[in-house]
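This report describes selected structural features of one protein chain. It treats the sheet, the open and enclosed spaces, the aromatic contacts and one loop residue in turn.

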Amino acid sequence: MTITDTRQLLSHWNFSKALNALLTLASYYRGRIFGSPQHWGKPISLSIEPTTACNLRCPECPSGLRSFTRPTGKLSLELLDKTLNEVKDHCTYINFYFQGEPYLHPQFFEMVKQADSAGIYTATSTNAHFLDDIRAKGTVESGLDRLIISIDGTEQATYESYRKEGSLEKVIEGTKNVVKWKKELKSKTPHIIFQFLVVKPNEHQVDEVKKLGKELGVNEVKFKTAQIYDFENGNELIPSIDKYSRYRKGSAGKWEIKNPLDDHCWRMWSGAVITWDGKVIPCCFDKDAKHSMGTLANTSFTEIWNSDNYKNFRKSVLTSRSEIEMCKNCSEGTTVWET
């Protein structure tokens, strides 16, 4: 995060949001020290899913694999409006992304504008295949604060080794379009981040993508470790560069996650995920929404957040996190973010 982006984020804060952040932080540390699942505040950030649909077929993604058991669909503006009215006094940051490609939602810009009007910092993550000139201009005009562009290679062969059916040329063209319209409209936003998911086929291009990002005029280039589903017996995607891997080979010859899975998790206190159909789930690692805490179709967000169901789940994280299935492949506290 640059100084300019930090200022943009802070511009969305006010007294009630600052107070809520303090209550959230206090609740989290109270939980760690005393094992209490009680939350005195509300989430600082939310991930809201525009759609589960995606144009690519990435091998470690449920959207790409078309492996969801939950239905594919898209978020309604009515549900978003209801949610924003409930959370705008305490939520500072909304990431319009969970699964799927956000730009496949025909009303994506309207969604961003709604959240921007509610005084909330907005972000999204995209494969950038739909950032033609019109959508690039719309992105800048929408008020989107942060645009994360997935670019997992600096040549087509490397890129498509993970981004199956993807086009690096489209990613570069889309990036150029957004950079152009930021200049044309004299806008400081969106803050453009190249996100490079480091896997074995592309790990040799770490320095090259930094150079490419600078040439294209993006604001930051970041490197992210990859989540691998079947890692115990090794996987061709696991990087050989240790700092970019979430996994290591154990003494018995099996691969294991580096995360010790201690009994606490900041995400359980600081945020939540809302699926396109209104399910509230505790974490972005719950791809199939198996741990739904309730649905906004018939319950308020506050009721769900303070429900016994949510309290019991937080309690399980504080007592036996390593036994929760979605936590077994969690990178919380171990993911490398290198700019």
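In this predicted model, Phe-196 stands opposite Phe-223, a residue of strand 6. Strand 5, residues 191-198, runs parallel to strand 6 and is joined to it by 6 bridges. Helix 1 (residues 3-10) packs on the sheet and touches strand 2 (93-95), strand 3 (121-126), strand 4 (146-150) and strand 5. The direction of helix 1 makes about 125° with that of strand 3.

The sheet as a whole is open and consists of 8 strands with mixed pairing, in the order 6-5-4-3-2-1-9-10. Its edges are formed by strand 6 (220-225) and strand 10 (280-281), each of which pairs on one side only.

Two spaces in the model may be set side by side. A general remark on method applies to both: empty space is revealed by rolling a probe the size of a water molecule over the atoms.

| Space | Volume | Nonpolar lining residues | Polar lining residues | Charged lining residues |
|---|---|---|---|---|
| Second largest pocket | about 550 Å³ | 7 residues | 4 residues | 8 residues |
| Largest cavity | about 30 Å³ | 7 residues | no residues | 1 residue |

The lining of the second largest pocket comprises 19 residues, and those nearest its centre are Tyr-229, Phe-285, Lys-290, Glu-325 and Met-326. The count of cavities of 30 Å³ or more comes to 1. Around the largest cavity lie Cys-265, Met-268, Cys-283, Phe-285, Arg-321, Met-326, Cys-327 and Cys-330. Phe-285 and Met-326 thus appear in the lining of the pocket and in that of the cavity.

Aromatic pairs number 13 in the structure. One of them joins Tyr-28 and Trp-266: the ring centres are 5.1 Å apart and the planes stand at 75°, so the pair is classed as edge-to-face, for which the angle must be over 60 degrees. Tyr-28 belongs to helix 2 (residues 15-34), whereas Trp-266 lies in the loop between strand 8 (255-257) and helix 10 (267-270); the pair therefore ties together parts that are 238 residues apart in sequence.

A further loop residue is Ser-167, located between helix 7 (156-162) and helix 8 (168-184). Beyond its neighbours within four places in sequence, Ser-167 is in contact with His-129, Gln-156 and Tyr-159. Ser-167 and Ala-115 are separated by 52 residues in sequence and, C-alpha to C-alpha, by 31 Å in space.

Definitions and conventions: Residues are numbered from 1 along each chain as its sequence is written. This is a predicted model: local features need pLDDT of at least 70, side-chain atom pairs count only at pLDDT 80 or more; totals for chains, interfaces and linings use all residues. Side-chain values use heavy atoms; hydrogens and water are left out. Two strands pair if DSSP finds at least two bridges between them. Helices (H or I, at least four residues) and strands (E, at least two) are DSSP runs, numbered from the N terminus. Contact means heavy atoms within 4.5 Å. Axes are lines fitted to C-alpha atoms, for helices over the stretch in contact, and angles run from 0 to 180 degrees between N-to-C directions. On a 1 Å grid over the protein atoms alone, a cavity is a set of points where a 1.4 Å probe fits but cannot get out, and a pocket is an open set with protein on both sides within 12 Å along at least five of seven lines; lining residues have an atom within 4 Å of a point. Grid points are joined across faces, edges and corners, and a volume is the space filled by probe spheres set on the points. Ala, Val, Leu, Ile, Met, Phe, Trp, Tyr, Cys and Pro count as nonpolar, Asp, Glu, Lys and Arg as charged, and the others, Gly among them, as polar. Rings of Phe, Tyr and Trp (its six-membered ring) pair if their centres lie within 6.5 Å; planes under 30 degrees apart count as stacked, over 60 as edge-to-face and the rest as tilted.
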